[in-house]
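Open the model in your viewer and keep the sequence panel beside it, since this tour moves from one selection to the next. At each stop, make the selection first and then read what is there.

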Amino acid sequence: MAPPPPFGANSAAARDIANVLHPYTDLEAHQTTGPTVISHGKGVRVWDEAGKEYIESVAGLWCAALGFDNERLVQAAANQMRKLPFYHAFTAKSHEPMIDLAEMLIARAPVPMSKVFFANSGSEANDSAIKMVWYLNNALGRPNKKKIIGRLKGYHGITIGSASLTGLAANHRSFDVPLPGFIHTMTPHFYHGALPGESEDDFASRCADELEKMILAEGPDTVAAMWAEPIMGAGGVILPPRGYFPKIQAVLRKYDVLLVVDEVICGFWRTGNYWGSQTLDIEPDMMVCAKALSSSYLPISAVMVNDWVFQALAKESHTIGTFGHGFTYSGHPVPAAVAIETLKIYDEMEIGAHVGSVGPYLQSELRRRFGDHALVGEVRGTGLIAAVELVAEKASHQNFDPKAKVGARLTALCEANGVIVRTVANDSLCLSPPLVISKADIDEMLNRIGRAVEELTVQLRREQIAIIS
């Protein structure tokens, strides 16, 4: 291994290299290259320890919806810390922040929901929902109805169960997941998946047909639930074709298969509606949310279940004597208080109306600036979530060879130009800026990204890496 760069012996970077094991990082390379140490933030911007300013175009990890300096959320946490810094929800204990937040979520749900279970991350919430699905089928005397369907390129987290739901190779390789009983249906990405001459409606029908064939092949009496993000986030901001979810839900209802909707990224106005389910015409049986629930100022997530699901859970817990699942920090009063304040701010700011203004502006500007670029295959998105996919050949939609690391190179060039982005599958540059972003900030963000794209284009042509328009 090459020696580490000359960081100061007691610098934050050197101490990080010596002590921190990073998620989603090449751990060996990190020992040489070190971290970018972020010191503070304000609005849609963050600064590193050297004073360099960046526009945070992904809101951290799709999550800092109210930006990086909301004083009301700071005060909500401080006030609750003084009043009741911790209490649990085990054995019928409760407290007002948890009760109030559950009530607020039920009131805002896109379809009637009955109860809310709290956890600490989207991964934990999805794992909890998996266990609930298994639990209720035991309660209903259907011990074989346990298989769960995810989608290729779907992302639902990285705990053992949620990683099994996830349909991305990097989250499976060398971790010995998926576990048995987790299966994956096709990605509903029209740009890459449609057959020649196939319409969006025909493609959506084919997705539904494949799902039905999978359920029949597995045996409907063995398939319990399907998980879906309204818009697939970490898989590349993939919007399904028009009519996809109604067709999918018709199949699921036909075979008594629950639909669990993962709103971890899409919830709380990201797509232009309060829930991605409303944007994509989905009627979930269970819902999972996190991230923007507290603007990610403190960790908290939630599972919402309809009354049919709750009654099955309640029946089995009464038979056993307890619902034997939960976390020490389920419904922790401090994150709950911050989440309550977050939801109040969304309402008071009329953040939906703001996204309704700046979201279409972002989408139109992305297409105007990048849609015809020789390096860009597809610009996609809605509201304040979008992706720009880079391709080697526009006509055939051919992606670059992964060995060229085009996405990683663009990420580095964007950071050099003062904008933090995220590139994922198929060299897709993903954007999900804080919901409070202004049109002026969108312009500056896209100017910086544009400079990075032009620099990358020059590099690739110089290196004779194919770019065929």
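How do the residues of the lining of the second largest pocket divide into nonpolar, polar and charged? Before answering, keep in mind that this is a predicted model, and then select Ala89, Val116, Phe117, Phe323 and His325, which are the closest to the centre of that pocket among the 27 residues that line it. The lining divides into 16 nonpolar, nine polar and two charged residues, and the pocket itself has a volume of about 850 Å³. To see which elements give two or more residues to this lining, colour helix H5 (96–108), strand S4 (115–119), strand S10 (301–305) and helix H12 (307–320).

Next, go to a cavity. The structure holds one cavity of 30 Å³ or more, and the volume of the largest cavity is about 50 Å³. Select Leu366, Phe370, Val388, Leu390, Leu410, Leu429, Leu431, Leu446, Ile449 and Val453, and you have the residues that line the largest cavity. Helix H14 (351–370), strand S12 (385–390), strand S15 (428–431) and helix H16 (439–462) are the elements that give two or more residues to this lining, and the largest share, three residues, comes from H16. Sorted by class, the lining has ten nonpolar residues, with no polar and no charged ones.

Now select H16 by itself, and follow the helix from one end to the other. H16 has 24 residues and reaches 35 Å from its first C-alpha to its last, which is close to the 34 Å expected at 1.5 Å a residue. Which residues of H16 are buried? They are Asp441, Ile442, Met445, Leu446, Arg448, Ile449, Gly450, Ala452, Val453, Leu456, Thr457 and Leu460. As you look along the helix, it helps to know that an α-helix has 3.6 residues a turn, so residues three or four places apart point the same way. Just after H16, stop at Gln464, whose phi is positive, near 60°.

For the last stop, select helix H15 (residues 406–416), where Val406, Gly407, Leu410, Thr411, Leu413 and Cys414 are buried. One of these, Leu410, has already appeared in the tour, as a residue that lines the largest cavity. What covers the buried residues of H15? The cover includes S12, strand S13 (419–420), strand S14 (422–424), S15 and H16, so add these elements to your view. Finish at Gly418, which follows H15 and has a positive phi, near 85°.

Technical notes: Residues numbered from 1 in each chain as written. Predicted model: local features only at pLDDT ≥ 70, side-chain atom pairs only at ≥ 80, totals over all residues. Heavy atoms only, no water. 1 Å grid on protein atoms, 1.4 Å probe; cavity = no way out; pocket = protein on both sides within 12 Å on 5 of 7 lines; lining within 4 Å. Points joined across faces, edges and corners; volume = space filled by probe spheres on them. Helix = DSSP H or I, 4+ residues; strand = E, 2+ residues; numbered from the N terminus. Nonpolar A, V, L, I, M, F, W, Y, C, P; charged D, E, K, R; others polar. Buried < 20%, exposed > 50% of the residue type's maximum accessible area, 1.4 Å probe, protein only. Contact = heavy atoms within 4.5 Å. Expected span 1.5 Å × (residues − 1).
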